[in-house]
Amino acid sequence: MLSRISRRNFLSRSTKAAAIIGAATVVGLPKKSKAKENDNLKVYGTMIDLTLCDGCAHLDTPACVSSCKDKNQHKYPQPIEEIQDYWPRTTHEDWSDRKHITDRLTPYNWTYVQKVKVVDDKGLEHNLSIQRRCMHCDNPPCGNLCPFGVHNKTPEGAVVIDTDYCMGGAKCRDTCAWGIPQRQAGVGLYLKVLPKFAGGGVMYKCDFCHDLLKIGQMPACQSACPKSAIVVGEKSEMLSLAKARAKEINGYIYGEEENGGTSTFYVSPVSFDKINQALKDQNIVDGKPGAPHMKPNVDNILDSTKGYAASVLIAPVAGAFAAGVLAHKTLKRGDEDNEQ
Amino acid sequence: MNNKLLRHRPVVRAVHWMTAISTFILIFSGIGQMPMYKRYMLSELPGLAWTADFQATLVLHYIAATILVLAAIFHAVYHISLKEFTIIPRRGDVKESFLIIKAMFGFGEEPPSGKYLAEQRLAYAYIAFSLFLIIVTGIIKVIKNFATFSISEATMIWVTLLHNIGMIMIMIGIIMHLVAFIFKENRALVPSMFTGYISKEYVKHRHSIWYEELEQSNKEIKQGNGEITNNNAAL
């Protein structure tokens with residue numbers, strides 16, 4: 001049988017085989033044309049100026065927080081009455097009796113203000129108010145690693161959870177550098193599958209008001225801010241704005257490099273190392289869900305595993321090459337045996 | 001070795017075991033990515049805390065995926081290059097498989113077979129299709145994890161769903177593959193994936209068409225000498 005293959009034909013056949021398989025694989029590849037469709041659309045970013053925000057000292061609840069609540073009220077979870085535990089565990093996450101909490105991120109509160117006292121290098125005390133919410137990362141691990149593909153980045157740059165199909169495994173919270181998405185049990189698709197054994201509810205977080213961005217309007221928190229401390233616009237412009245402001249006040253930027261880059265740029269007169277330390281010391285970051293830290297240069301799980309991901313993409317080439325070499329060897333041996 | 005015949009060359013065995021081991025690791029780390037091990041407290045067992053660490057299971061998934069993709073592409077390119085298609089299903093294989101399984105339960109006569117039984121060809125096609133589905137959807141998922149690519153939700157819902165369905169299909173495939181060895185008739189094939197050899201008597205009896213082909217081609221090669229050599233494993 002082997003002897004029937006002439007060596008002249010061999011190379012062409014190996015190449016063809018590799019090409020056919022390569023083509024079959026490529027057919028499934030994502031098309032970049034999606035981005036083209038939205039060429040005329042902007043990718044948005046936010047600049048948050050911590051020198052301007054006073055946490056709405058004159059109000060019980062900061063305007064950004066209450067405007068967010070007003071705008072997103074209709075999207076908040078409406079869980080069933082008798083929520084089952086996450087078997088075999090004897091717990092479940094239920095925030096439905098604490099809907100009015102505004103001092104951390106919950107399924108019913110997608111943004112909040114961390115009020116912290118920080119002393120700078122010169123011994124000057126700053127009372128900072130920091131609006132916290134999803135940073136809308138450039139390469140969001142929360143969305144990319146979603147096992148059901150229902151957590152994605154929109155063309156506007158918003159990272160959005162599709163609450164209709166979310167199973168509530170909370171992997172997005174675990175892979176998020178800040179643990180932003182929060183879970184409500186007793187709601188969502190998992191109730192229709194195996195509610196006792198799989199899934200845990202639905203994850204909720206800031207969606208950058210992408211419905212408003214789509215029609216050229218600004219997110220609710222931006223529109224509501226009385227100090228214009230939150231500026232939303234073309235992402236590259238927001239970064240330039242943040243850099244200019246940081247230069248002006250000899251300050252610091254958070255969100256440009258963190259988690260591999262985000263769409264939210266905080267500008268502060270105090271270093272974020274100090275802010276992060278103060279947040280912990282004052283128990284504002286208490287280690288419980290929904291109280292994000294401000295650690296500089298946090299890593300993105302997708303960046304630290306990038307090399308391994310690349311090896312998967314190189315594997316087909318290596319496999320085809322090795323096959324060609326070994327098939328040729330087998331063929332040659334067959335020929336030699338026949339010549340004996 | 002006179003009473004034995006080479007059924008699987010070392011390279012074929014290597015590909016089989018690379019596929020098998022990487023698939024097991026992929027299933028285990030994939031379930032970890034679902035996420036399951038924290039909830040089901042596997043990560044609380046001694047030495048298994050890493051199973052709840054998404055970075056650990058992701059790296060493991062990538063490494064095993066590299067081995068699987070390498071083995072699968074190697075398999076396809078290698079056998080197409082050598083024009084070895086005896087394992088590809090043929091017309092009538094479903095009916096013939098039914099007759100073979102019926103015969104295993106003692107009803108009727110088993111039809112004569114080539115190197116592979118009809119049911120083996122069908123099982124191959126099923127596993128090959130499942131792996132193809134998993135690899136194609138998996139590669140899309142890998143590409144999406146690079147910062148430069150962003151794929152729409154409409155696509156990702158399908159890609160992840162098919163990837164998850166592929167996993168269930170391959171798990172069913174593995175179970176069926178192992179269940180086949182419950183039947184005594186199939187057990188003589190087990191050594192083939194370890195040593196490469198199976199008994200000549202078994203080939204004569206169960207793969208009579210292959211046996212005749214081996215004899216025929218051996219006659220052509222050795223010009224009249226009836227002894228079957230090991231060069232014929234390709235058939």
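## Backbone features in chain A

In this predicted model, A:N297 lies in the loop of chain A that runs between α9 (272-281) and α10 (301-304). The phi angle of A:N297 is near 55°, which is a positive value in a residue other than glycine. Most residues other than glycine have a negative phi, and most peptide bonds are trans. A:N297 has 10 C-beta neighbours inside 10 Å, and because a residue with 12 or fewer is classed as exposed, A:N297 counts as exposed.

Chain A also holds a cis peptide bond, the one from A:W87 to A:P88, with omega near 5°. A:P88 is placed in the loop between α3 (63-72) and β2 (112-119) of chain A.

## Backbone features in chain B

One loop of chain B, between α1 (10-33) and α2 (54-81), is the place of B:P35, and the loop between α1 and α2 of chain B also contains B:M41. The peptide bond that joins B:M34 and B:P35 is cis, with omega of about 5°. For B:M41 the notable angle is phi, which is near 65° and thus positive in a residue other than glycine. B:M41 is exposed, since 12 other C-beta atoms lie within 10 Å and the limit for an exposed residue is 12 or fewer.

## Overall make-up of chain A

Chain A contains 11 helices and 10 strands, and 46% of its 340 residues are buried. Of the contacts in chain A with a separation of 6 or more, 65% are made by residues that are 24 or more positions apart.

## The contact between chains A and B

The contact draws on 58 residues from chain A and 51 residues from chain B. On the side of chain B that touches chain A, at least two residues are supplied by each of α1, α2, α4 (118-144), α5 (153-179) and α8 (208-222) of chain B. The largest share of this side comes from α2(B), with 18 residues. By residue class, the side of chain B that touches chain A divides into 36 nonpolar, 11 polar and four charged residues.

## Helix α1 of chain B

α1(B) has 24 residues, which at 1.5 Å a residue should span 34 Å, and the end C-alpha atoms of α1(B) are indeed 34 Å apart, so the expected and modelled spans agree. The buried residues of α1(B) are B:V15, B:S22, B:T23, B:L26, B:S29, B:G30 and B:G32. These buried residues of α1(B) pack against α2 and α5 of chain B.

## The packing of α4 and α5 in chain B

The helices α4(B) and α5(B) pack at an angle of about 150°, and their axes are 8 Å apart. Because angles over 145 degrees count as roughly antiparallel, α4(B) is roughly antiparallel to α5(B). The crossing of α4(B) and α5(B) is left-handed.

Among the residues of α4(B) that meet α5(B) are B:A123, B:Y126, B:I127, B:L131, B:I134 and B:K141, while the residues of α5(B) in this contact include B:V159, B:L162, B:H163, B:M167, B:I170 and B:H177. Taken over both helices, the residues of the contact of α4(B) with α5(B) divide into 13 nonpolar, seven polar and one charged.

Note on methods. Residues are numbered from 1 along each chain as its sequence is written. Chains are lettered from A and ligands numbered from 1 in the order in which they are written. This is a predicted model: local features need pLDDT of at least 70, side-chain atom pairs count only at pLDDT 80 or more; totals for chains, interfaces and linings use all residues. Helices (H or I, at least four residues) and strands (E, at least two) are DSSP runs, numbered from the N terminus. A residue is buried if 20 or more other C-beta atoms lie within 10 Å of its own, exposed if 12 or fewer, and partly exposed in between; C-beta atoms are placed from the backbone. Two residues are in contact if their C-beta atoms, placed from the backbone, lie within 7 Å. Ala, Val, Leu, Ile, Met, Phe, Trp, Tyr, Cys and Pro count as nonpolar, Asp, Glu, Lys and Arg as charged, and the others, Gly among them, as polar. The expected span of a helix is 1.5 Å times one less than its number of residues. Axes are lines fitted to C-alpha atoms, for helices over the stretch in contact, and angles run from 0 to 180 degrees between N-to-C directions. Angles under 35 degrees count as roughly parallel, over 145 as roughly antiparallel, 65 to 115 as roughly perpendicular and the rest as oblique. A crossing is left-handed if the near helix is turned anticlockwise from the far one by less than a right angle, and right-handed if clockwise.
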